[in-house]
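The following exercises concern a single protein chain and its ligand. Each task sentence is followed by a solution in steps.

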Amino acid sequence: MKCLVAYYSNTGVTRKAAESIARMLDADTEAIEEKRPRPALEVGPGKVGAWAVARAGIAAMLGFGSRLVASRYKARDYDVVVIGTPVWVGSVTPPVRSYLRRHRMYFRSVAFFCTAGDPATVRAFKQMTATVRREPVACIALRTEDVKSGAHEGMLVKFIESIRSS
Ligand SMILES: Cc1cc2nc3c(=O)[nH]c(=O)nc-3n(C[C@H](O)[C@H](O)[C@H](O)COP(=O)(O)O)c2cc1C
């Protein structure tokens, strides 16, 4: 089974999860990149202003997309495309929304993952499913802290099995 893991990551957490998933599935990885990359969205001393975080959150909440750098891999070349996003205000991020819209006609099968401070609040999978107009074969929401500590690797086993057996 040929798998592609496509993800957007602003501060590296979703990238770390994507790399684990790609290693477990022996998949290619595609970093979804915006034409105008955002600063690291972390509030605090020496970090970006709260307005940049608010703007990103509002764009996600309102269902905006963003302009993307051309993809490296073609979705139609893969049996499964596993797509990952951080959660912004309970929602899929604008770059991942745009990626899904751009490639949805080429997906044979999809699986979704997200990272979030509190995955219990996640609406993102419903939005992703509606955008691609098909049900994912598997979904997993990972806590930011679990990805940072490495605890997420054990949590991925069932997710990977569902993809392999799809
Ligand atoms: C603008 C913004 C909005 C966020 N909204 C939520 C949220 O609604 N729920 C949540 O659990 N985490 C929220 N987070 C936290 C991120 O989802 C989390 O830190 C994620 O793991 C970051 O992934 P990344 O490092 O790949 O960018 C938000 C972060 C940002 C920057």
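**Exercise 1.** Determine what percentage of the residues of the protein chain count as buried.

*Solution.* The model is predicted: local features need pLDDT of at least 70, side-chain atom pairs count only at pLDDT 80 or more, and totals for chains, interfaces and linings use all residues. Residues are numbered from 1 along each chain as its sequence is written. A residue is buried if 20 or more other C-beta atoms, placed from the backbone, lie within 10 Å of its own. Of the 166 residues, 37% meet this criterion.

**Exercise 2.** State how many helices and strands the protein chain has, and their order.

*Solution.* Helices (H or I, at least four residues) and strands (E, at least two) are DSSP runs, numbered from the N terminus. The chain has seven helices and five strands. Read from the N terminus, their order is β-α-β-α-β-α-β-α-β-α-α-α.

**Exercise 3.** Compare the span of α2 with its expected value.

*Solution.* The expected span is 1.5 Å times one less than the number of residues. For the twelve residues of α2 this gives 16 Å, and the end C-alpha atoms are 16 Å apart, so the two agree. After α2 comes Gly63, with a positive phi near 80°.

**Exercise 4.** Describe which residues surround the ligand.

*Solution.* A residue belongs to the shell if its C-beta atom, placed from the backbone, lies within 6 Å of the ligand. The shell holds 22 residues, the closest being Asn10, Thr11, Val13, Thr14 and Pro86. At least two shell residues come from each of α1 (13-25), α2 (50-61) and β4 (110-116).

Key. Buried ≥ 20, exposed ≤ 12 C-beta atoms within 10 Å, placed from the backbone.
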